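Hi there,

Here is the structure I promised to pass on. Please open it beside this note, and I will walk you through what I found.

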Amino acid sequence: VGKDLVCGIELSKSNYGNGYYVIAGSAGEMVYSLNGTTWTPITPFTSDVITGLAYGNGRFLAVDSAGNIFKANNPNATWENIYNAGSIILESIRFINSSFVVVGDGGYIALSKDGLVWETKPSGTTQNLIDIAYGDGKYIAVGYGGVVLYSINGDDWFNVSDSQFTTNYRHIVYGTGLFVTGGQGGAIRYSNDGITWITATTDSQTSIGWIRGFAYAENRYYAVMYTSSGSGEIW
């Protein structure tokens with residue numbers, strides 16, 4: 001989801017769960033909707049940037065740029081601060097393979113089955129981890145400096161980064177047998193096993209700044225990005 005203005009709020013993260021669409025962004029602002037058309041803001045529960053949202057096991061979880069994890073049964077209920085990772089920017093939270101997984105700066109990884117009790121995992125990297133996906137029986141985490149990590153069980157992580165590719169990754173998605181990732185400069189890479197990666201080609205006629213997100217639906221992969229001139233493209 002790219003940045004947009006809803007009710008005067010700058011928003012950049014979204015999730016769907018338990019009948020609610022939820023979008024959040026800077027200064028702890030959040031809006032929710034039951035139909036995707038009418039949106040209602042809630043009172044901010046953090047003054048920091050909400051960097052990720054996830055829904056699983058009957059609860060919503062949110063992470064912010066101050067290392068906090070919050071939970072609520074529904075977005076319009078009371079959000080409770082349940083965990084703090086210290087002075088670490090948490091970059092993303094996902095509910096994948098029946099677990100919540102959080103990644104963040106300095107190679108931070110933490111897992112939780114219920115979203116309440118968290119266990120940090122050694123990642124073997126100090127690079128900032130920005131996003132994570134699950135498919136083909138593997139967790140794949142990506143981040144700055146072209147870092148790519150994989151794990152079978154979520155406990156033991158292995159670095160499969162390509163030393164010749166050091167572009168910062170921002171997002172990753174899995175669909176129909178392929179992981180697709182990318183980020184800085186519009187670079188896109190894909191892999192069928194999460195270990196060996198191939199650089200894709202694009203038909204862009206402009207200079208791309210960053211890929212802002214990936215999605216997979218209806219047998220197609222989509223990427224949204226902005227160019228160095230400030231315009232946007234969808235691939």
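Is glutamate 80 buried, partly exposed or exposed? Glutamate 80 counts as partly exposed, because its relative accessibility is 41%; buried means under 20% relative accessible area, exposed means over 50%, and partly exposed lies in between, using a 1.4 Å probe and protein chains only.

Two notes on reading the values. This is a predicted model, so local features need pLDDT of at least 70 and side-chain atom pairs count only at pLDDT 80 or more, while totals for chains, interfaces and linings use all residues. Residues are numbered from 1 along each chain as its sequence is written, and side-chain values use heavy atoms, with hydrogens and water left out.

Back to glutamate 80, which sits in strand E9 (residues 80-84). Strands (E, at least two residues) are DSSP runs numbered from the N terminus. Leaving aside residues up to four places away in sequence, glutamate 80 touches Ile69, Phe70 and Lys71, where contact means heavy atoms within 4.5 Å. Its C-alpha atom is separated by 8.3 Å from that of phenylalanine 45, and the two residues are 35 apart along the chain.

Next, aspartate 64. This residue belongs to strand E7 (residues 59-64) and is buried, with a relative accessible area of 0%. Its side chain makes two polar contacts to backbone nitrogens: one to alanine 66 at 3.0 Å and one to asparagine 68 at 2.9 Å. A polar contact here is a pair of N or O atoms within 3.5 Å; within protein, one must be able to donate a hydrogen and the other to accept it, and residues adjacent in sequence count only if both atoms are side-chain atoms. Not counting residues up to four places away in sequence, aspartate 64 also touches Thr46, Asp48, Val49, Ile50, Thr51, Phe70 and Leu90.

Now the cores. A nonpolar core is a set of buried Ala, Val, Leu, Ile, Met, Phe, Trp, Tyr and Cys residues joined through side-chain atoms within 4.5 Å. The largest one has 14 residues, and Val22, Met30, Phe45, Ile50, Leu53 and Trp79 touch the most other members. Strands E3 (20-25), E4 (30-33), E6 (50-56), E7 and E8 (68-72) each give two or more residues to this core, and E3 supplies the largest share, 3 residues. A second, separate core of 13 residues includes Val63, Leu90, Phe100 and Ala110.

Finally, the sheets. Strands of a sheet pair through backbone hydrogen bonds, either parallel or antiparallel; two strands count as paired if DSSP finds at least two bridges between them. One open sheet has 4 strands in the order E10-E11-E12-E13, with antiparallel pairing. Its edge strands, E10 (90-96) and E13 (119-120), each pair on one side only. Even so, E10 is largely enclosed by the rest of the structure, because 5 of its 7 residues are buried. E10 pairs with E11 (residues 99-104) over 6 bridges, and arginine 94 has valine 101 as its bridge partner. These two strands form a hairpin with 2 residues between them, and asparagine 97 in the turn has a positive phi of about 50 degrees. At the other edge, 2 bridges join E12 (residues 108-112) to E13, with leucine 111 opposite glutamate 119.

Another open sheet, also antiparallel, has 4 strands in the order E18-E19-E20-E21.

Best wishes
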